[in-house]
Amino acid sequence: MLVQKKWWKEEVIYQIYPRSFQDSNGDGIGDIPGIISRLDYLKDLGVDIIWLGPVYKTPNDDNGYDISNYYEIEPEFGTMDDFDHFLKGLKERGMRLVMDIVLNHSSDEHEWFEQSRESKDNAFRDYYIWKEGNDGLPPNNWLSFFGGSAWEYDQQTDEYYLHLFTKKQPDLNWENPELRRKLYDIMLFWLDKGIDGFRMDVISLISKRQDFAYANFKSFGQLVETTYANGPRVHEFIQEMYAKVLARYDVMTVGEGPGITKDVGLDYVGADRAELNMIFHLEHMFLGFGPRGRFDPVPYNWDDIKMIIRDWDDAMGEQGWISVFLDNHDFPRMVSRFGNDHTFRIESAKMLAMMVLTLKGTPCIYQGSEIAMTNVQFNSIDQFRDIETINFYKEFSGEGMSDQEFIELANQYGRDNVRTPMQWDATAHGGFSSSDPWIAVNPNFREINVLNAKEDPDSVYYFYKALLEIRKKSTALKYGKWQELNQSDSNVYVYTREAENEKLLIVLNHSDNLAMFEYSAIEQCQILLSNYKNSDSRQLKAWECRLYRI
Ligand code: TEU
Ligand code: CA
């Protein structure tokens, strides 16, 4: 066993998008007291670490990923007292809290930016990235993740500021040591409250190439990888953060890494790097993103997914670590994207659950996946809430795209799909709120909800519980070597996990069709879990998944 044992390698993460989890005060917006009222549900499900989306003070341009005060709780989400009760509630249940922290950019309503934009000689000017324009044009051709130029002209000082995301999310200038120190103080404040770690938003983007040269790119993804991500000082900054902040605590850090490819992954998470514990790499999530991003889709298939999993397992070896996930608050519902949420919603959701909970790495379950919540079908533009979707709607409709055409794209690829309220029961608004929520509840809440799931022994919910229980007791699933087994049927995904004297075989059919799998000594294997009754032969039914002990 070469792999170092760590609690964050053994436990399972559950991601909460606070705005959509549970409203407690009837304003239609999820909040911290609402989450507190669901702590027993989370404990009972069997998850260990809660990754809480940003709850800091925010104007909500990007639903909390635009922070205007890192030391205060956004009143919509509650008070610092509520936060303290939440953290205490988790600890009492033997659970942990990982906070989302956004260090690449702040809100433009942060006092630092309000000062910075005042004048070129303001003490905070250098907290952000300001450049002169080019004859009335932006300083270069960099584009925002959320459409348009990555530069916004500011009249006050006749310069442009950089924003890789919305214009209300100005990028922080990590070249400034005083700013870095202020960011580390923020981290220390939350760590000293007893949280168990951070999910670091777009940490791969914090070091900018200082020549700010025009970029040469054929797709947005290429622009991210070659120009925004893995900048010249990114490791210096993260190692400094580790030395000055993280090293003092037994905490978990997971970096969100747009642009982190398998070739540079280990630079962030190698055991000897003194940087991060693990990363959410996004290579499989960006599959299908065309030259202009998610609303410019290109085809991909399961072979592409399997290749990325294989390459990353190889790249991490025994030295690195990743988190395993198939959706989060930025990507469509996994059962709709990777499964079949029409004819085989239950079966395919269970198969995807088994995949996430048996691959090598720390699993991350996004709220609602445990009851196989699906994408939503909005039929008018004004139902969408996500700034990324709204910005691209403006861009594409400005180029002549019809509303109907864009709505179809947003219904399939947009982030609002995973931000509709958690579906707790069949009462109004799915039990999420006593009044109209900030975003419409998926109309299928009457059928797909926690209450129904708990009353059905064959529900996806109980399948997750069973998998989580098996995982808790299995060294092979936590630390075991992952080995893919070649199959002649391309609709079948077969791999083993092996550690010490425990060897498991996982067999997945990721299609609507019958499939055959090959494994010589299958007769000697004992079924531990499957999503079909009496699954015995080598023939797999649609979306059938099996976990065997060898
Ligand atoms: O996401 C960055 C990111 O990589 C994804 O947002 C994705 O690139 C984007 O949706 C383009 O399709 C992080 C947060 O997870 C996201 O919610 C924020 O909107 C973003 O950073 C800015 O903070
Ligand atoms: Ca509320």
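How far is an oxygen atom of ligand 1 from an N or O atom in the side chain of Asp201? The separation is 2.8 Å.

The model is predicted: local features need pLDDT of at least 70 and side-chain atom pairs pLDDT 80 or more, whereas totals for chains, interfaces and linings use all residues. Residues are numbered from 1 along each chain as its sequence is written, chains are lettered from A and ligands numbered from 1 in the order in which they are written, and side-chain values use heavy atoms, without hydrogens and water.

**Ligand 1**

Ligand 1 is surrounded by 21 residues (a heavy atom within 4 Å); Asp62, Asp201, Arg294, Asp330 and Glu388 are the closest. By class, this shell holds nine nonpolar residues (Ala, Val, Leu, Ile, Met, Phe, Trp, Tyr, Cys and Pro), nine charged ones (Asp, Glu, Lys and Arg) and three polar ones (the others, Gly among them). Polar contacts, pairs of N or O atoms within 3.5 Å, are tabulated here.

| Side chain | Distance to an oxygen atom of ligand 1 |
|---|---|
| Asp201 | 2.8 Å |
| Arg294 | 2.9 Å |
| His329 | 2.9 Å |

Of the 490 Å² of accessible area that ligand 1 has on its own (Shrake-Rupley method, 1.4 Å probe), the protein covers 98%.

**Calcium ion**

The calcium ion (ligand 2) has as protein donors (N, O and S atoms within 3.2 Å for Ca) Asp23 (OD), Asn25 (OD1), Asp27 (OD), Ile29 (O) and Asp31 (OD), at 2.2 to 2.3 Å. Along the chain, these donors follow the spacing D-x1-N-x1-D-x1-I-x1-D. Asn25 counts as exposed (over 50% relative accessible area, 1.4 Å probe, protein chains only) because its relative accessibility is 51%. Asp27, at 33%, is therefore partly exposed (between 20% and 50%).

Methods. Polar contact = N/O pair within 3.5 Å; in protein donor to acceptor, adjacent residues only side chain to side chain. Donors = N, O, S within 2.8 Å, 3.2 Å for Na, K, Ca; no water.
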